Amino acid sequence: MTKHEPPIIQIKNLWKEYGDNVVLERVNLSVQAGEFVSIVGASGCGKTTFLNLLLGIEEPSQGEILLDGQPLDPEPSVERGIVFQKYSVFPHLTAVENVMLGQEFTQSAVSSCLLGRLFGTARRAAKEEAMDILEKVGLAAAADKYPSELSGGMQQRLAIAQALIRKPRILLLDEPFGALDPGIRKDMHRLTRELWTEQKLTVFMITHDLSEGFELGSRLWVFDKTRHDLQAPERFGANVTFDIPLSTGQEHHEHLAKLQAAKSHTA
Amino acid sequence: MTRLINRQPSRYSRLMLGLLPFIVLFVIYLVTSDARLAENPSDKLLPSLGSFADAIVRMGFEPSKRTGEYLLWQDTFASLQRLGIAVGLSAMIGLVIGVFNGMIPYVRSPLSPLVTALSLIPPMAILPILFITFGLGELSKVVLIVIGITPVIIRDIQLRTDALPSEQLIKAQTLGGNSWQIILRVVLPQTMPRLIDAVRLTLGSAWLFLIAAEAIAATEGLGYRIFLVRRYLAMDVILPYVFWITTLAFAMDWSLKRISILAFPWYHSAQGARND
């Protein structure tokens with residue numbers, strides 16, 4: 001990963017406000033392909049708004065986000081895969097059908113355009129590819145089960161598999177492991193790490209769990225307000241106050257300590 | 001387990017307790033019917049079981065002296081045909097308009113207020129208009145039922161479509177689906193079990209409109225027969241007919257539930273044991 005390559009994501013002077021309420025202000029950042037950005041911050045400091053902007057379900061009030069040098073599509077598209085905390089998978093499709101849906105939508109076959117389905121050889125090929133990915137996330141045995149028959153951790157594995165089938169340029173994770181048990185969470189971390197290195201993904205992950213952010217990320221952003229007006233707290237938006245490069249795993253503890261010190265200082 | 005709210009009847013006693021009110025009602029009927037008949041053997045209000053049996057045989061298993069038809073089956077067939085066509089049509093219209101209303105703002109804006117307004121018209125009030133417009137034949141009866149229940153189905157499906165988690169729709173878009181594909185593969189299949197629920201809930205009103213229309217203008221049908229024999233105080237025919245209609249309604253409700261459980265296992269397993 002050299003700095004000479006053009007960044008995959010460039011954020012230029014990004015503002016987002018709802019009426020008088022400024023959520024984000026003057027965000028300027030760039031991210032290289034293959035980085036794993038963990039995003040942390042207090043509730044209501046604009047993390048989710050930032051993710052929605054990346055996803056394309058909200059538009060910036062000012063500034064822009066460039067993907068590969070081009071302005072982002074103003075609606076969700078295949079370049080950006082997403083895994084939410086819940087409701088990411090389709091309850092009426094089995095695991096393998098959930099993963100295949102991506103191919104059924106985007107292949108140029110007539111049946112795909114008209115019915116959103118594939119038939120015959122195209123379907124078999126799609127299924128094979130879907131099974132490969134399910135294998136990778138450890139769900140091959142559960143391929144024919146419905147999401148309601150899967151545990152929370154398995155559902156999140158499925159959601160990741162489903163997001164990866166379109167080979168997105170960036171993968172967005174919105175508190176993906178927030179609802180899972182600690183043990184399962186460790187497994188999911190291992191899986192996420194594996195997939196990230198293996199598939200050379202660029203990942204943005206929102207998390208409430210600082211140590212999770214440090215453990216998984218190659219870079220950690222802290223969203224916080226830099227200016228405060230006690231009379232009108234909504235007048236100033238948040239920005240990335242800390243941008244910490246991580247050599248994954250190491251320096252974890254000292255950074256955590258430093259950050260917590262900084263936090264208690266500002267608070 | 002001393003609190004009343006914690007005490008559960010066993011499987012056997014649940015069955016018995018469920019049957020109990022029916023048995024009690026039946027016994028009360030027998031006793032009062034006997035008492036009245038003892039006083040006046042030609043009393044028509046509460047006929048004996050024997051006269052019910054006679055009436056059932058006469059209506060269902062002997063050809064009518066006047067037309068040569070088996071009246072009960074002729075009535076049943078006519079009524080079920082009207083009901084089936086009307087409910088099927090309503091379900092189809094309800095599904096299509098409901099889903100499009102729920103998913104496409106440019107459809108919802110013009111249609112939603114119209115549907116709301118239409119659903120507030122009391123269908124019985126426009127029955128004369130239907131008879132004038134569509135004549136006294138089958139069409140006006142079917143149209144009455146359709147007008148009566150379609151707006152309810154549309155609004156229900158629209159609400160259910162709205163209630164789909166936005167995460168799902170966003171996810172489908174990141175998988176490359178266009179509007180049509182998303183409606184077809186994500187929204188429609190998830191609304192189908194809800195459509196069955198909506199149909200089950202509106203079946204009661206559908207029967208109401210059917211019998212009302214038949215009572216006013218028909219030459220056959222379950223509702224027609226009940227209102228015809230009313231003139232002769234023929235309780236021995238009316239009560240078995242009511243019982244038969246109830247049985248048919250129950251059978252429809254039950255089969256719809258079974259179909260839903262068989263066809264949409266994911267829906268019922270996600271809902272847990274709430275298969276009522």
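## Exercises on chain B and its contacts

**Exercise 1.** In this predicted model, work out how much area domain 1 and domain 2 of chain B bury between them, and what holds that boundary.

*Solution.* Start with the area: the two domains bury about 660 Å² between them, with 70% of it on carbon and sulfur atoms. Next, see where the domains lie: domain 1 covers 11–58 and domain 2 covers 70–270. Their centres, taken over C-alpha atoms, are 34 Å apart. Nine residues of domain 1 and seven residues of domain 2 make the contact.

Now look for charges. The rule finds one salt bridge across this interface. D236(B) and R58(B) have side chains that meet at 3.9 Å, N to O; that counts as a salt bridge because the cut-off is 4 Å.

**Exercise 2.** Find which helix gives the most to the domain 1 side, and sort that side by class.

*Solution.* Helix α2 (residues 49–61) of chain B leads here, with five residues. By class, the domain 1 side has six nonpolar, one polar and two charged residues.

**Exercise 3.** Now turn to chain A: describe how chain B touches it.

*Solution.* Count residues to begin with: 23 come from chain B and 36 from chain A. The buried area is about 2500 Å², and carbon and sulfur atoms give 66% of that. On the chain B side, K171(B), L175(B) and R185(B) supply 33% of the area chain B buries, more than any other three residues.

Then check the polar side. There's one salt bridge across the interface, and E104(A) and R185(B) form a salt bridge at 2.9 Å, N to O. Seven residue pairs are in polar contact between the chains.

Definitions and conventions
Residues numbered from 1 in each chain as written. Chains lettered and ligands numbered in written order. Predicted model: local features only at pLDDT ≥ 70, side-chain atom pairs only at ≥ 80, totals over all residues. Heavy atoms only, no water. Contact = heavy atoms within 4.5 Å. Buried area = accessible area lost by both parts, 1.4 Å probe. Polar contact = N/O pair within 3.5 Å; in protein donor to acceptor, adjacent residues only side chain to side chain. Domains from an automatic or database assignment. Helix = DSSP H or I, 4+ residues; strand = E, 2+ residues; numbered from the N terminus. Nonpolar A, V, L, I, M, F, W, Y, C, P; charged D, E, K, R; others polar.
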